[in-house]
Amino acid sequence: MEYTSSPKPQLSSRANAFSIAALMSSGKPKDKETEESTIKPLEQFVEKSSCQPSTGELPALETHGEFSSGGTGTGSGAPVCTEPLIPTTPGVPSEEMAKISCSLETKELWDKFHELGTEMIITKSGRRMFPTIRVSFSGVDPDAKYIVLMDIVPVDNKRYRYAYHRSSWLVAGKADPPLPARLYVHPDSPFTGEQLLKQMVSFEKVKLTNNELDQHGHIILNSMHKYQPRVHIIKKKDHTASLLNLKSEEFRTFVFTETVFTAVTAYQNQLITRLKIDSNPFAKGFRDSSRLTDIERYEEF
């Protein structure tokens with residue numbers, strides 16, 4: 001089952017009353033104040049087809065292991081993806097969810113890339129990320145079930161270019177129009193809390209693409225834009241395996257600033273290329289190669 005949404009025509013108010021989100025919501029009406037102060041069920045965010053244009057700039061995200069701050073600013077700027085499928089301003093977690101913590105595995109490797117300015121290749125067919133997002137959880141209920149997801153949101157509303165003479169990234173203008181937002185639900189979800197306490201969760205199968213019409217569930221990004229991966233954990237209140245049956249509103253979002261990267265169609269910084277060759281076990285055949293661009297081949301796996 002594919003958990004990503006695809007663009008669709010906007011429904012009329014009458015037709016919208018029969019949408020999946022409407023049919024799955026509670027039959028009891030809620031007053032406006034209660035509705036606004038409650039985090040919406042996940043299926044309502046899955047239902048949304050894309051990010052909406054906004055004139056605000058996405059504020060900086062907080063440090064690793066906590067909620068992303070996000071939200072919509074008041075400044076002027078190009079349209080940005082300010083409404084990802086899981087909001088950037090989650091409500092205050094319950095006492096139980098507040099106990100959950102998340103750690104980034106291979107943090108030392110991520111730090112090396114972050115210091116140089118991490119780049120990730122995007123292609124029409126999709127490319128895997130390296131380094132890979134791998135996390136471990138603690139503080140979960142061993143008897144509960146959890147769904148673990150990942151998405152990738154813009155860091156700001158700017159487009160960048162690489163200045164070779166300065167070996168640095170410079171702002172090149174306003175961001176391109178936002179692309180459809182997607183969630184990557186870890187294929188082993190739902191996990192039991194006991195499983196999460198014993199194993200790490202790896203997102204090695206996530207692929208990045210610049211194909212706006214992608215039908216394979218890859219995460220769609222704009223080249224020469226900066227992005228922040230986010231990891232989400234959602235507690236299930238029932239025992240069904242389907243994401244669409246999820247009624248839980250309890251979730252936490254974790255952000256690791258060292259995983260910020262610039263999406264590119266070809267590597268710009270040769271130091272990044274060399275570090276990928278030296279660090280990736282799948283790249284051992286290229287370590288003696290004088291053609292650094294050969295690094296792009298092995299990422300097809």
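**Aromatic pairs**

I began with the rings of this predicted model and counted six aromatic pairs. The first one I wrote down joins Y162 and Y164, with centres 5.2 Å apart and planes at 80°, an edge-to-face pair. I then asked how Y162 and W169 are arranged, edge-to-face or stacked. Their ring centres lie 5.3 Å apart and the planes meet at 65°, so this pair is edge-to-face, because planes over 60 degrees apart are classed that way. Y162, Y164 and W169 together make up one aromatic cluster.

I checked the burial of the cluster members next. Y162 has a relative accessible area of 8% and is buried. W169 is buried as well. Y164, at 54%, is exposed. The cluster of Y162, Y164 and W169 therefore includes a buried ring, Y162, and an exposed one, Y164.

I also looked for a charge over a ring. The charged end of K226 sits over the ring of Y160, at 4.5 Å from the ring centre.

**The β6-β7 hairpin**

I looked up the strands in this region. β6 covers residues 158-163 and β7 covers residues 168-174, and they pair in the antiparallel sense over six bridges. Which residue in β7 stands opposite Y160? I found V171 there. The hairpin has four residues between its strands, and S167 takes a positive phi near 50°.

**Salt bridges**

A search of the whole structure gave me eight salt bridges. I noted R230 with D151, where the closest N and O atoms are 2.6 Å apart. R230 belongs to strand β13 and D151 to strand β5, so this pair ties together parts 79 residues apart in sequence. Are these two partners buried or exposed? R230 has a relative accessible area of 0%, so I entered it as buried. D151 has 2% relative accessibility and also counts as buried.

I turned to R159 and D176, whose closest N and O atoms are 3.8 Å apart in a salt bridge. R159 is in strand β6 and D176 is in the loop between β7 and β8 (184-185), so I noted a link between distant parts of the chain, 17 residues apart. R159 is partly exposed, at 29% relative accessibility. D176 is partly exposed too, at 31%.

The loop between β7 and β8 came up again with R182. R182 forms a salt bridge with D214, the closest N and O atoms being 2.6 Å apart. D214 lies in the loop between β11 (207-209) and β12 (219-220), and R182 in the loop between β7 and β8, with 32 residues separating these distant parts of the chain. I found D214 buried, at a relative accessible area of 2%. R182 is buried at 8%.

I ended the charge search with a shared set of partners. Salt bridges join K107, D111 and E258 into one network.

**Nonpolar cores**

I moved on to the largest nonpolar core, which has 33 residues. Which members touch the most other members? They are F137 and L208. The elements giving two or more residues to this core are β1 (101-104), β4 (134-138), β5 (145-154), β13 (226-235) and β15 (261-264). β5 gives the most, with four residues.

I listed the contacts of L208, leaving out residues up to four places away in sequence. L208 touches M120, I121, I122, T123, G126, R127, M129, I152, I219, L221 and F261. Another core lies apart from the largest one and has 11 residues, among them F113, I121, Y160 and I272. I121 is thus entered twice in my notes, as a contact of L208 and as a member of the 11-residue core.

**A three-stranded sheet**

The last thing I looked up was an open sheet of three strands. Its order is β1-β4-β10, with antiparallel pairing. Which strands are at the edges? They are β1 and β10 (201-202), each of which pairs on one side only. β4 and β10 pair in the antiparallel sense over two bridges. V135 stands opposite V201 in β10. I also noted that β1 and β4 of this sheet are among the elements that give two or more residues to the largest core.

How values were computed: Residues numbered from 1 in each chain as written. Predicted model: local features only at pLDDT ≥ 70, side-chain atom pairs only at ≥ 80, totals over all residues. Heavy atoms only, no water. Core = buried A, V, L, I, M, F, W, Y, C linked by side-chain atoms within 4.5 Å. Buried < 20%, exposed > 50% of the residue type's maximum accessible area, 1.4 Å probe, protein only. Contact = heavy atoms within 4.5 Å. Pairing = 2+ DSSP bridges. Salt bridge = Lys/Arg side-chain N within 4 Å of Asp/Glu carboxyl O. Phe/Tyr/Trp six-rings, centres within 6.5 Å; stacked < 30°, edge-to-face > 60°. Lys NZ or Arg CZ within 6 Å of the ring centre and 35° of its normal.
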